[in-house]
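I opened this notebook to keep track of what I looked up in the structure shown below. The entries go from the sheets to the ligand and end with the backbone.

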Amino acid sequence: MECIFVNGGRALNGTVAASGAKNSALAIMTATLLCGGKHRISGVPDLRDISTMKRLLEHLGVQIKGESEFELDATHIDIVDAPYELVKTMRASFLVLGPLLARFGNARVSLPGGCAIGLRPVDMHIKAFEAMGADIKIENGYVHAVCERMHGARILLDMPTVGGTENIMMAACLADGVTVIENAAREPEISDLALALRSAGARITGDGSGTITIEGVKELAPIVHTVMPDRIEAGTLLIAGAITAGDVTVDNCPVEYMGATLEKLREVGCVVDASGDSVRICSNGSLQPVEVTTSPYPGFPTDMQAQLMSLLTLAEGTSLIRETVFENRFIHVAELDRMGAHIRVERDCAIVTGVAQLEAARVMASDLRASASLILAGLAARGTTVVSRIYHLDRGYEALEKKLQHLGADIRRGQE
Ligand code: UD1
């Protein structure tokens, strides 16, 4: 089995660059289904989730060329059916539903099902498409949606779902009339998708706020867009600097969208300097406990929770982490405890009592961000930590171990 071996205890120093944002790239790739012609998307990270999305789009008939600069031709879509085998490995696959339905009036997409971090239903996506005129049946684990022509609607989301906002926004681009999404998610990746759609002639305003207005157009042109940098990867690399009492600069950071993360790292006692699109973090190893609650953007991102928790295991006191976005996102706790951390979970809270030193252990990754948190803990631990099930890591981090090696980490990938 492929594992990552981390020999902890080295302070990381130097400069690395963040890659393109996974969540933004995935959504923009699905948006190419909205029209024929050759779309150009640059800055796409080399990740397993991106390969999965590529396979799904190719299955539907999209022709894809290139590596980090993709040319996608969605002129001939033969199939409007996204099978369980592809959707179950990556929930973002469900985002093909909106574009397929809006362009072809017919789509059949597998329900994603739950995942390690929670139930993650798609009821809000479905309700919105019904409000836009679709007739939706759920049969044999598939959502089958048909609609002669979608129409605009006022959609009030029960909670600001990222994928739901994206799916509705894409479908609304080709619907008749105006769609208003209220209580929309405000994540920067949604604005990046809106920017990509506007490059194709979509009429979208209000993205980045809680109310997004989309005026449908008859037809879109191909998208030309460069994907924004990944704020979660950037934050993870900064914590690698902090947890090793190092001095790390991350280039290509979307600094304006990293406010909550950078603020929390300052509160922990790190020196954080942002200049242009670079962030430098320095730590002398003295870490202060903090309280943090995950929430939709602009709050502290749930996708940074596990990584911050690793850092807080070494703080001088007790921290409180409340997870409000997903119901089961503390699976990494048991593995961190095996490395000598003191964490107690009570309902949606993790109470982290700092220890002086983490100890290496064999640990198992349970999801993407949990795998990053274990590697971060391994960087600080005494001895060699072996992280297994690293396919989770490869879903969302481009060459993480190479970037960490570049900063001086003793980390390698190998067979157990
Ligand atoms: C996206 C991100 C993921 C991030 C999450 C929250 C992508 C590809 N993934 O996931 O990295 O952790 O946002 O920032 O962009 N919900 C419902 N009904 C719905 C939709 C969602 O109850 O119809 C719930 C979910 O179960 C969850 C919460 O809403 O508890 C937020 O989910 P959502 O924002 O939709 O997350 P994703 O788009 O799946």
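Entry 1, terms and source. I count two strands as paired if DSSP finds at least two bridges between them, and I take helices (H or I, at least four residues) and strands (E, at least two) as DSSP runs numbered from the N terminus. With those terms I looked up Ile-4, and I found that Ile-4 stands opposite Val-387 in strand 23. I note that this is a predicted model, in which local features need pLDDT of at least 70 and side-chain atom pairs count only at pLDDT 80 or more, while totals for chains, interfaces and linings use all residues. Residues are numbered from 1 along each chain as its sequence is written, and side-chain values use heavy atoms, with hydrogens and water left out.

Entry 2, the sheet that holds strand 1. I found an open sheet of four strands in the order 22-23-1-24, with mixed pairing. Its edge strands, each of which pairs on one side only, are strand 22 (362–364) and strand 24 (410–415). From one strand to the next the twist averages 25 degrees, where axes are lines fitted to C-alpha atoms, for helices over the stretch in contact, and angles run from 0 to 180 degrees between N-to-C directions. I then followed strand 1 (residues 2–7), which pairs with strand 24 in the antiparallel sense over six bridges. Glu-2 has Gln-415 of strand 24 as its bridge partner, and helix 12 (residues 368–380) packs on this sheet, touching strand 1, strand 22, strand 23 (384–388) and strand 24, with a direction about 30 degrees from that of strand 1; contact here means heavy atoms within 4.5 Å. I also noted Cys-3 opposite Gly-414 in strand 24. Strand 1 is joined to strand 23 by four bridges, and these two strands run antiparallel. As a general reminder to myself, strands of a sheet pair through backbone hydrogen bonds, either parallel or antiparallel.

Entry 3, the sheet that holds strand 15. A further open sheet has four strands in the order 2-15-17-16, again with mixed pairing. Here strand 2 (13–17) and strand 16 (271–275) are the edge strands, each pairing on one side only, and the twist averages 15 degrees from one strand to the next. Strand 15 (residues 247–251) pairs with strand 17 (residues 278–282) in the antiparallel sense over four bridges, and Thr-249 stands opposite Arg-280 in strand 17. Helix 8 (residues 231–243) lies across strand 2, strand 15 and strand 17, and runs at about 170 degrees to strand 15.

Entry 4, the pairings of strand 9. Strand 9 (residues 142–146) pairs with strand 7 (residues 106–110) in the antiparallel sense over five bridges, and Ser-110 stands opposite Tyr-142 in strand 9. Five bridges also join strand 9 to strand 8 (residues 135–139), and the two run antiparallel; there Ile-136 has Ala-145 as its bridge partner in strand 9. Strand 8 and strand 9 form a hairpin with two residues between them, and Asn-140 in the turn has a positive phi of about 50 degrees.

Entry 5, the ligand. Which residues come nearest to the ligand? Of the 18 residues around the ligand (each with a heavy atom within 4 Å of it), I found that Asp-123, Thr-161, Gly-163, Asp-303 and Val-325 come nearest. An N or O atom in the side chain of Thr-161 is 2.7 Å from an oxygen atom of the ligand. A backbone N or O atom of Met-124 lies 2.7 Å from an oxygen atom of the ligand, and a backbone N or O atom of Gly-163 also lies 2.7 Å from an oxygen atom of the ligand. Taken alone, the ligand exposes 740 Å², of which the protein buries 86%; these accessible areas come from the Shrake-Rupley method with a 1.4 Å probe. Helix 5 (123–131) and helix 6 (162–173) are the elements that give two or more residues to the shell around the ligand, and helix 5 supplies the largest share, three residues.

Entry 6, backbone. The peptide bond from Tyr-297 to Pro-298 is cis, with omega near 15 degrees, and Pro-298 is found in the loop between strand 18 (291–293) and helix 10 (305–312). Asn-183, a residue other than glycine, has a positive phi near 55 degrees, and Asn-183 is found in the loop between strand 11 (178–182) and helix 7 (188–199). I looked these up because most residues other than glycine have a negative phi, and most peptide bonds are trans.

Methods:
A polar contact is a pair of N or O atoms within 3.5 Å; within protein, one must be able to donate a hydrogen and the other to accept it, and residues adjacent in sequence count only if both atoms are side-chain atoms.
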